[in-house]
Amino acid sequence: MDKAQALIKKLKEKSARVSVLGLGYVGLPLAVVFAEAGFKVTGFDPVESKVESINRGKSYVLDIQDEQIHRLVKQGNLQATTDFAILEQMDAVSICVPTPLRKTGDPDLSFILSVSELLKQYIHPGIVVVLESTTYPGTTRELILPKLTEASGLEAGKDFFLAFSPERVDPGRKDWTTANTPKVIGGITPQCTEVASIWYEQAIQTIVRVSSTEVAEMTKLLENTFRMINIGLVNEMAIMSDRLGIDIWEVIKAAGTKPFGFMKFLPGPGLGGHCIPIDPLYLSWKLKALNYSARFIDLASEINTNMPRFTVGKVQDALNEQRKPLKGSKVLIIGVAYKPDIDDLRESPALDIIHLLREKGAKVSYHDPYFHQIIHEGLKMNSISDINAGVKTADCVVIVTNHSSYDYAAILKAATLIVDTRNALSEVGNGSPKVVKL
Ligand SMILES: NC(=O)c1ccc[n+]([C@@H]2O[C@H](COP(=O)([O-])OP(=O)(O)OC[C@H]3O[C@@H](n4cnc5c(N)ncnc54)[C@H](O)[C@@H]3O)[C@@H](O)[C@H]2O)c1
């Protein structure tokens, strides 16, 4: 039996030992899905508190419940470690490390590079490695493959198997999860695609095989660039509607009645999260090296980046109407997470809005049930505990993130002035003169 057949047999029998490298928003749910499918999974993360938490049966990712981790750990299907040497015994490894941007706006591949340096020490025949971190097309073949082959002398597609599979998880979402969202997989060789797909098929409902790692990498970038550009477009429509004195939310609702050829996107105070504002910039960076300028991406990025400033302008104008200067006014931000009902602050436009308001001399406070404290670039604030009192005393309330737990009718009743960037008050009467919509 060749290496591929031997590994496929182990994967189908679930006797293959599985490891997930990087136990964050993506890696922990993936480790859980493999463990639920019956694999013995060892998660690796350099952060000791995460490893301890899992081994104690405690989840730190909102979509995963303590009971599930507790049960899987007790069954012996899930454990976590900070010891990379476990890779020596592994048959199947998924890489879910961060791929952020540097301060300069260039891709930061340091996590992928450091994980492949470590992997290089433990690569052995009969192992399958899948990269899940979002990155530019070419990363798996150009960066990871040489690290795994050069020192070991092993051949991809024959001795070991390497593939890319983009993570599509949408944190906070209940209908589409890691287990039932179709998973695209592309390998370095057809045999790599085959082995990786058979592994994932054991735990995930639908596998979509593509011809190469580059196609799989580019698929993710098409999906996220599509969202980023459409959000940029609708944000620009909001800015234009504002100039024209037209309610963009009414326009979107009306356009949404067209049964074909229109897809609804919503404007907002700016793009947040670890994916949509960042991933397309990986693509434009790669293209720059090939002397090509990704104009749609650059334009949408510029419009989206400007939305916090546009929001602050709305607050300033709204206060002005009430003969109040922004300087010295009490502004309460409601919701700081980058989207509703999640505990993720990464790239949240609320942070830019708070910085901009403070720069202009506003007395800023915030409320968010998911964040008792925020620390960001010299800023350290605590969430107010009594939202009703905060709303009552604020000169202006700004709804930045429309968490479903908020009582919007009560907010509307108690506030003097509200800037609603999410149309959160649509159900409770946003025709009120004290409400200014984006
Ligand atoms: N969060 C999302 O919604 C989402 C969705 C789709 C794709 N992605 C992509 O998935 C990847 C991971 O994102 P995330 O949100 O899970 O990030 P995260 O920051 O939540 O998790 C990454 C984990 O990797 C760990 N880590 C850091 N260095 C490591 C190393 N050398 N070895 C092993 N682990 C290491 C970190 O401690 C952390 O726990 C990124 O490329 C991201 O773009 C994220």
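Modeller: Domain bounds here come from an automatic or database domain assignment. This is a predicted model, in which local features need pLDDT of at least 70, side-chain atom pairs count only at pLDDT 80 or more, and totals for chains, interfaces and linings use all residues. Residues are numbered from 1 along each chain as its sequence is written.

Biologist: What distance separates the centres of domain 1 and domain 2?

Modeller: The assignment gives domain 1 as 3-211 and domain 2 as 265-437. Taken over C-alpha atoms, their centres are separated by 35 Å.

Biologist: How many residues does the contact take from domain 2?

Modeller: Contact means C-beta atoms, placed from the backbone, within 7 Å. Domain 1 puts in 13 residues, and the count from domain 2 is twelve.

Biologist: Which helix gives the largest share of the largest nonpolar core?

Modeller: That core joins buried Ala, Val, Leu, Ile, Met, Phe, Trp, Tyr and Cys through C-beta atoms within 7 Å, buried meaning 20 or more other C-beta atoms within 10 Å of a residue's own, again placed from the backbone. There are 62 residues in it, and Phe34 and Leu162 are among those touching the most other members. Seven residues come from one DSSP run (H or I, at least four residues, numbered from the N terminus), namely residues 27-36, helix H2.

Biologist: Which helix gives the most to the shell around the ligand?

Modeller: A residue is near the ligand if its C-beta atom, placed from the backbone, lies within 6 Å. Of the 27 residues around the ligand, those coming nearest include Gly22, Tyr25 and Ser133. With three residues, the most to this shell comes from 110-122, helix H5.

How values were computed:
Helix = DSSP H or I, 4+ residues; strand = E, 2+ residues; numbered from the N terminus. Buried ≥ 20, exposed ≤ 12 C-beta atoms within 10 Å, placed from the backbone. Contact = placed C-beta atoms within 7 Å.
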